[in-house]
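Morning, everyone. Let's put the model up and walk through its sheets, cavities and rings.

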Amino acid sequence: TSLSHLMLGSNNFMGQLPSNLSSCTNLKVFTANANKFNGSLDVVRFDQFLMLENLDLNSNAFVGSIPPSLTKCVALKSINFAKNKLSGTIPSSLYQLKNLTTFLLSSNNLNGSIRSLDGSEHLVKVILSMNVFNETLSNTMQGFTNLQFLSLNNIGLRGSIPEWLRISTKLQVLDLSWNNLTGSIPSWIGSFPHLFYLDLSNNAFSGNIPPELFSLLALINPDNNLTGLQLVVNNLAIEQELDAQELQYAQVSDLAPSIYLSHNHLKGSIPSQIGAFGLLLDMDLSFNNLSGNMPETISNMTDLESLDLSYNSLTGGIPSSLTKLTFLVDFNVSYNQLEGLIPLGNRFSTFANKSYEGNPRLCGAPLPFPCENDVNPNSSSSRRKILIIATDILEPIGVVIGYVGVLVGWLTWKLTRRKIG
């Protein structure tokens, strides 16, 4: 009974948890993740674990509900039940766990309401993704002043982004993707000083992209160094298995600074303030109703590696200044209304046709048709024009030189004959 640490993770253990585990009343750490355990968690009397701080049972096959007795574990700091087959609701008394900072329930069959977390002032990391809550977000919840990581993706949420979220000024990661959220993107999201990862994709947000969004300090880098962001990122290191398909997260430092707003109903132009994001690596605004020109200021996003503006209604040309983005690996502006010559140079020499298709008025390499009045000396059409011009100039010169050569030869022959004779 003096056992304080029991770590059984990453084995092939099967069956139910032993009921006599409840006799280990001095447990502080219990991990049994990545096994083949099944059955109900009710076989264990969690109310006996008054010293338990870390409980990790993720990646098993547990069924049934979250035991209400869990709320008696007053010392609990971290609960991880992700990737199981749990159902039912979150215990409404969970807020009583004043030491709880990490709560991970993703990839289960939970329903009910996230209002069960109402009043949880000490939570730092919450991941409830891939469940079936199917509820309208409440605007009256309280707490969450210490929240740094919130993932509620793919749980059937409706309504708009709640006003209570604005008090979570320590947020670094916010993922509300793959829901049915509506309304506009609040301008106050841009006031979070530490937010560097925002995913609002695959919802039904409408209206314009607020210019204030591009005031996120963690993505602005006036000195062109990473120090500021690294301090923010390293402030919260959380151990969790990375699984892109189910949007599981490892350490916060494993997440690239990103903004994902794709697959919504956003309209209007892309704010020129976007250029302030010198630390952003990934930007996806695809599948919206955005219009107007591509801002020249995008060329100031010097760390950008991926930019997707496809399936919008953007007009005008692709700014040639974008060739300054030397880290750009993925670029997609397909299916817009862009026109003119595609820039060449640096990374733009590596992008394939699919980056530009669906823009019938775009021209130049890598597309198979040239531009009219093409002035780019590197394009195939310009090289062809240069060759034609050179031929037009050199051909008469060659004729003249040929006539001169014949004349000189004839005169030499005449003079030679005169001397010999």
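First, terms: two strands pair if DSSP finds at least two bridges between them. Helices (H or I, at least four residues) and strands (E, at least two) are DSSP runs, numbered from the N terminus.

Ground rules next. This is a predicted model, with local features needing pLDDT of at least 70, side-chain atom pairs counting only at pLDDT 80 or more, and totals for chains, interfaces and linings using all residues. Residues are numbered from 1 along each chain as its sequence is written, and side-chain values use heavy atoms, with hydrogens and water left out.

Now the sheets. An open sheet is built from 6 strands, in the order 17-19-21-23-25-26, with parallel pairing. Strand 17 (206–208) and strand 26 (361–363) are the edges; each has a single partner strand, so one side of each has no neighbour in the sheet. On average, neighbouring strands here are turned by 25° against each other, direction ignored. That angle uses axes fitted as lines to C-alpha atoms, for helices over the stretch in contact; angles run from 0 to 180 degrees between N-to-C directions.

Look inside that sheet. Strand 21 (residues 289–293) and strand 23 (residues 313–316) run parallel, joined by 3 bridges. N293 faces T315 of strand 23.

There is also an open sheet of 5 strands, order 2-4-6-8-10, again paired parallel. Its edges are strand 2 (14–15) and strand 10 (109–110), each with a single partner strand, so one side of each is left free of a neighbour in the sheet. Strands 6 (residues 61–64) and 8 (residues 85–88) run parallel, with 2 bridges. V63 is opposite K85 in strand 8.

On to empty space. A cavity, on a 1 Å grid over the protein atoms alone, is a set of points where a 1.4 Å probe fits but cannot get out; lining residues have an atom within 4 Å of a point. Points join across faces, edges and corners, and volume is the space filled by probe spheres set on them.

How many cavities of 30 Å³ or more does the count give? It gives 2. The largest has a volume of about 60 Å³. Its lining includes I114, F144 and W164. The second largest holds about 40 Å³. Among its lining residues are Y95, S120, E121 and H122.

Last, rings. Rings of Phe, Tyr and Trp (its six-membered ring) pair if their centres lie within 6.5 Å. The structure has 13 aromatic pairs. F331, F348, F351 and Y356 make up one aromatic cluster.

Terms used. 1 Å grid on protein atoms, 1.4 Å probe; cavity = no way out; pocket = protein on both sides within 12 Å on 5 of 7 lines; lining within 4 Å. Phe/Tyr/Trp six-rings, centres within 6.5 Å; stacked < 30°, edge-to-face > 60°.
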